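I opened this model to look up its aromatic pairs, one strand pairing and one side chain. My notes follow in the order in which I checked things.

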Amino acid sequence: AQKPTFTAPNIIGSRSLRFKLTVTDFGSLKDTDATILNVTGDNDPPTADAGPDQTVDEEEAIVELDGVGSIDPDNGIKSYQWTQTAGPPVTLSNPLDVQPTFTPPNVLENGASLTFELIVTDMGNLENVDATIVNVTGDNDPPTANAGVDQKVREKSIVTLDGSNSFDSDDGVASYRWKQVAGAAVTFSDPTSD
């Protein structure tokens, strides 16, 4: 159901109940989100703040997540727990730090989105969750063409042009195309071969 209900359980002290919602569209694509219900006595739950969404370039050395805006109104924060929930996997410097860092992954030209969830626990073991998204933009560098060394050949001999030392540093060479731009006309065996 879109808005299910239930009766909170009888407990001694305070407890957090975690719930995950998965929404599926008509094309079978899915997205998930989480929420925490704190059943409390006298302890008010903390407020998790995973910081604003960010957009970074894949070539940045370090990306920092920021949970310093998280607060607890009465007895203080006991722990932070960061978890990556979507996107190309990265390694956090320390998922228990308030401000962990990671190196952005190499992505294709259209980039990628990484989602991180922060769970904050207070001294009374109540929890709160927040999420942030880091969009990593692709930086598709152009390929480097290498037509080979200059050659000196005898007339009517078979000549091989060599572009095999051409390269692309991020996503590879997709095609080759030779074209004669000067001199007596010749016919290539295959102008798309390296």
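Entry 1, aromatic pairs. The model is a predicted one. I looked for paired aromatic rings and found two pairs in the structure.

I took F6 and F19 to begin with. Their ring centres are 5.4 Å apart and the planes stand at 40°. An angle under 30 degrees would count as stacked and one over 60 as edge-to-face, so I logged the F6 and F19 pair as tilted. I then looked up where the two residues sit: F6 is in the segment before strand 1, and F19 is in strand 1 itself. The pair therefore ties together parts that are 13 residues apart in sequence.

Next I checked accessibility for this pair. F6 has 47% relative accessibility and counts as partly exposed. F19, at 36%, is partly exposed as well.

The other pair is F102 with F116. Here I read 5.2 Å between the ring centres and 35° between the planes, so this pair is tilted. F102 belongs to strand 6 (residues 101-102) and F116 to strand 7 (residues 112-122). The pair links distant parts of the chain, 14 residues apart.

Are F102 and F116 buried or exposed? The cut-off for buried is under 20% relative accessible area. F102 comes out at 2%, so I noted it as buried. F116 is at 0% and is buried too.

Entry 2, strands 1 and 2. I went back to the strand that holds F19. Strand 1 covers residues 15-24 and strand 2 covers residues 30-39; they run antiparallel and are joined by 10 bridges. I looked up one residue of this pairing, V23, and found D31 in strand 2 as its bridge partner.

How many residues lie between the two strands of the hairpin? I counted five. Within the turn, S28 has a positive phi of about 70°.

Entry 3, E127. I located E127 in strand 8, which spans residues 127-137. Its relative accessible area is 14%, so E127 is buried.

Which side chain does the side chain of E127 meet in a polar contact? I found R18, at 3.1 Å. R18 is also on the list of residues that E127 touches, once those up to four places away in sequence are left out. The rest of that list is S16, I36, N38, P45, P46, I119, V120 and T121.

I placed some of these contacts against the strands already logged. S16 and R18 fall within residues 15-24 of strand 1, and I36 and N38 within residues 30-39 of strand 2. I119, V120 and T121 fall within residues 112-122 of strand 7.

Definitions and conventions
Residues are numbered from 1 along each chain as its sequence is written. This is a predicted model: local features need pLDDT of at least 70, side-chain atom pairs count only at pLDDT 80 or more; totals for chains, interfaces and linings use all residues. Side-chain values use heavy atoms; hydrogens and water are left out. Two strands pair if DSSP finds at least two bridges between them. Helices (H or I, at least four residues) and strands (E, at least two) are DSSP runs, numbered from the N terminus. Rings of Phe, Tyr and Trp (its six-membered ring) pair if their centres lie within 6.5 Å; planes under 30 degrees apart count as stacked, over 60 as edge-to-face and the rest as tilted. Buried means under 20% relative accessible area, exposed over 50%, partly exposed in between (1.4 Å probe, protein chains only). A polar contact is a pair of N or O atoms within 3.5 Å; within protein, one must be able to donate a hydrogen and the other to accept it, and residues adjacent in sequence count only if both atoms are side-chain atoms. Contact means heavy atoms within 4.5 Å.
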